[in-house]
Amino acid sequence: MLTIGGDHSVGTGTISGLLRKYGNNLKVIWVDAHPDFIDIKNSDYYGYHGIPLAHLCGLSQFENF
């Protein structure tokens with residue numbers, strides 16, 4: 001499956017849905033201009049734009065966001 005989206009955050013919903021379908025068999029290749037791997041706890045930036053990949057990998061959790 002190939003998914004092409006406009007904003008970085010579009011990947012979160014797409015990958016979450018695919019994880020429900022394929023579970024641990026899902027393999028992802030994330031191609032982007034920058035890594036989107038900001039940890040929300042160590043950043044002054046509070047938008048989701050640079051966080052999706054970190055969120056999907058479990059780095060940025062939003063309990064106290």
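Student: How many residues does the protein have, and what percentage of them count as buried?

Tutor: Of its 65 residues, 25% count as buried. Please keep in mind that this is a predicted model. The C-alpha atoms fill a box of roughly 35 × 25 × 15 Å along the principal axes.

Student: Which secondary structure elements should I look for?

Tutor: The protein comes to two helices and zero strands. Helix H1 covers residues 10-22 and helix H2 covers residues 52-56, with a loop between them.

Student: How does one judge the length of a helix such as H1?

Tutor: One compares its end-to-end reach with the span expected at 1.5 Å a residue. H1, with 13 residues, reaches 18 Å from its first C-alpha to its last, which is close to the expected 18 Å.

Student: Which residues of H1 are buried, and where do they lie around the helix axis?

Tutor: Residues count as buried when their relative accessible area is under 20%. In H1 these are Gly-11, Thr-12, Ile-15 and Leu-18. Viewed down the axis, the buried residues of H1 fall within an arc of 140°, and therefore they line one face of the helix.

Student: What do the buried residues of H1 pack against, and which exposed residues does the face turned away from them carry?

Tutor: The buried residues pack against H2. On the face turned away from the buried side, H1 carries the exposed residues Gly-13, Arg-20 and Lys-21.

Student: What backbone feature appears just after H1?

Tutor: Gly-23, just after H1, takes a positive phi of about 60°.

Student: Where does Asp-44 lie, and why does it count as exposed?

Tutor: Asp-44 lies in the loop between H1 and H2. Exposed means over 50% relative accessible area. Asp-44 counts as exposed because its relative accessibility is 75%. For orientation, Asp-44 and Ile-15 are 29 residues apart in sequence, and their C-alpha atoms are 26 Å apart in space.

Student: What can be read from contacts between residues many positions apart?

Tutor: One takes the contacts with a separation of 6 or more and asks what share joins residues 24 or more positions apart. In this protein that share is 27%.

Student: How much space lies in the largest pocket, and which residues line it?

Tutor: The largest pocket holds about 610 Å³ of space. Its lining consists of 21 residues, and Thr-3, Ile-4, Ile-29, Trp-30 and Val-31 lie nearest its centre. By class, the lining has 12 nonpolar, six polar and three charged residues.

Note on methods: Residues numbered from 1 in each chain as written. Predicted model: local features only at pLDDT ≥ 70, side-chain atom pairs only at ≥ 80, totals over all residues. Heavy atoms only, no water. Helix = DSSP H or I, 4+ residues; strand = E, 2+ residues; numbered from the N terminus. Buried < 20%, exposed > 50% of the residue type's maximum accessible area, 1.4 Å probe, protein only. Expected span 1.5 Å × (residues − 1). Arc of directions from axis to C-beta. Contact = heavy atoms within 4.5 Å. 1 Å grid on protein atoms, 1.4 Å probe; cavity = no way out; pocket = protein on both sides within 12 Å on 5 of 7 lines; lining within 4 Å. Points joined across faces, edges and corners; volume = space filled by probe spheres on them. Nonpolar A, V, L, I, M, F, W, Y, C, P; charged D, E, K, R; others polar.
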